[in-house]
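Q: Please take a close look at one part of this structure: the nonpolar core. Which residues build it, and what surrounds it?

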Amino acid sequence: MKNNTKLSGNTTQRSYFLPIASLIFSVAMFLLLGRAVANNAVLRSIFSCQAQGLGGLIPTITVWYQEGTNLSFIPAGEVIKKVWLNDPSQVTIDFDGPVCMQYGPKPNSSSGDCKNSAANVIQLRRIKKLDIPGLPNTSNTLLTVVTEGQGRNKLYTFRVIYGTDNPEYHTLAIFADPSGQEGACARVSQ
């Protein structure tokens, strides 16, 4: 039988190729998966008492051009009764169900759609700034939401920030306050 001395030389070269290829593949997968996980961070959540500002801070919600941002009261089991947006020149609002529309010379909160409000989610979408006479140029606005749940009304205020980069999340979920956890909404000094 012939001895093939070239075979052992090829094996040595191949032994370096496999670990290097594995390393390159692993790093590429890590980078791609890490980016996919970061892009899919869809949910940000806070407790109801924090969203009401009872901890001493006004919660923020960011709205981007590329995609809308949802504000969900589903986890808290609350129904949206009324919404105000101080500066509507850069954000549109939509709901997942009927909400109270009060307008005109004699708005009546006990009639028609105000009794039958059934929305749990507000969808905010950033738009190109509209020129609305009388509105000052601002870098953010205030969103006020009145909800009803478990027989009680709650008042929420959110500072709406205008994002310009890629969205960091798609939904801000409001959860019911934790029972037995007194520190969840401890007052924060500013």
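A: What follows starts with the whole chain, moves into the core, and ends with a charged pair and a surface patch.

This is a predicted model. The chain has 190 residues, and 31% of them count as buried. Its secondary structure comes to two helices and nine strands. Read the order from the N terminus: α-β-α-β-β-β-β-β-β-β-β. Contacts often join distant stretches of the sequence. Take the contacts with a separation of 6 or more: 76% of them are between residues 24 or more positions apart.

Now go inside. In general, nonpolar side chains in soluble globular proteins tend to be buried together. Here, the largest nonpolar core has 25 residues. Six of these touch the most other members: Leu71, Phe73, Leu143, Val145, Phe158 and Ile174. Several strands supply this core. Those giving two or more residues are β2 (60–63), β4 (79–85), β6, β7, β8 (152–162) and β9 (171–175). The biggest share comes from β8, with four residues.

Pick out Leu143 in the model. Leave aside residues up to four places away in sequence, and Leu143 still touches a long list. On that list are Leu71, Val83, Trp84, Leu85 and Ile93. Leu124, Tyr156, Thr157, Phe158 and Val160 are on it too. Two of these partners, Leu71 and Phe158, are themselves among the six core residues that touch the most other members.

Strand β8 has a second role to look at. Lys154 sits in this strand. Lys154 forms a salt bridge with Glu78. In general, side chains of opposite charge can pair when their charged atoms come close. In this pair, the closest N and O atoms are 3.2 Å apart. Glu78 lies in the loop between β3 (69–72) and β4. The two partners are 76 residues apart, so the pair links distant parts of the chain. Both Lys154 and Glu78 are buried. The structure holds one salt bridge.

Finally, move to the outside. The chain exposes about 12500 Å², and carbon and sulfur atoms supply 58% of that area. Some nonpolar side chains are found at the surface. Leu130, Ile132 and Leu135 form a nonpolar patch there. Together they have about 210 Å² of accessible area. Leu135 is in the loop between β6 (121–126) and β7 (140–149). Its relative accessibility is 30%, so Leu135 counts as partly exposed. Both strands flanking this loop, β6 and β7, give two or more residues to the core.

Conventions
Residues are numbered from 1 along each chain as its sequence is written. This is a predicted model: local features need pLDDT of at least 70, side-chain atom pairs count only at pLDDT 80 or more; totals for chains, interfaces and linings use all residues. Side-chain values use heavy atoms; hydrogens and water are left out. Patches are made of residues with over 30% relative accessible area and no salt bridge: like charges are joined within 9 Å, nonpolar side chains (Val, Leu, Ile, Met, Phe, Trp, Tyr) within 5 Å. Accessible areas come from the Shrake-Rupley method with a 1.4 Å probe; for residues, only the protein chains shown count as cover. A salt bridge is a side-chain nitrogen of Lys or Arg within 4 Å of a carboxyl oxygen of Asp or Glu. Buried means under 20% relative accessible area, exposed over 50%, partly exposed in between (1.4 Å probe, protein chains only). A nonpolar core is a set of buried Ala, Val, Leu, Ile, Met, Phe, Trp, Tyr and Cys residues joined through side-chain atoms within 4.5 Å. Contact means heavy atoms within 4.5 Å.
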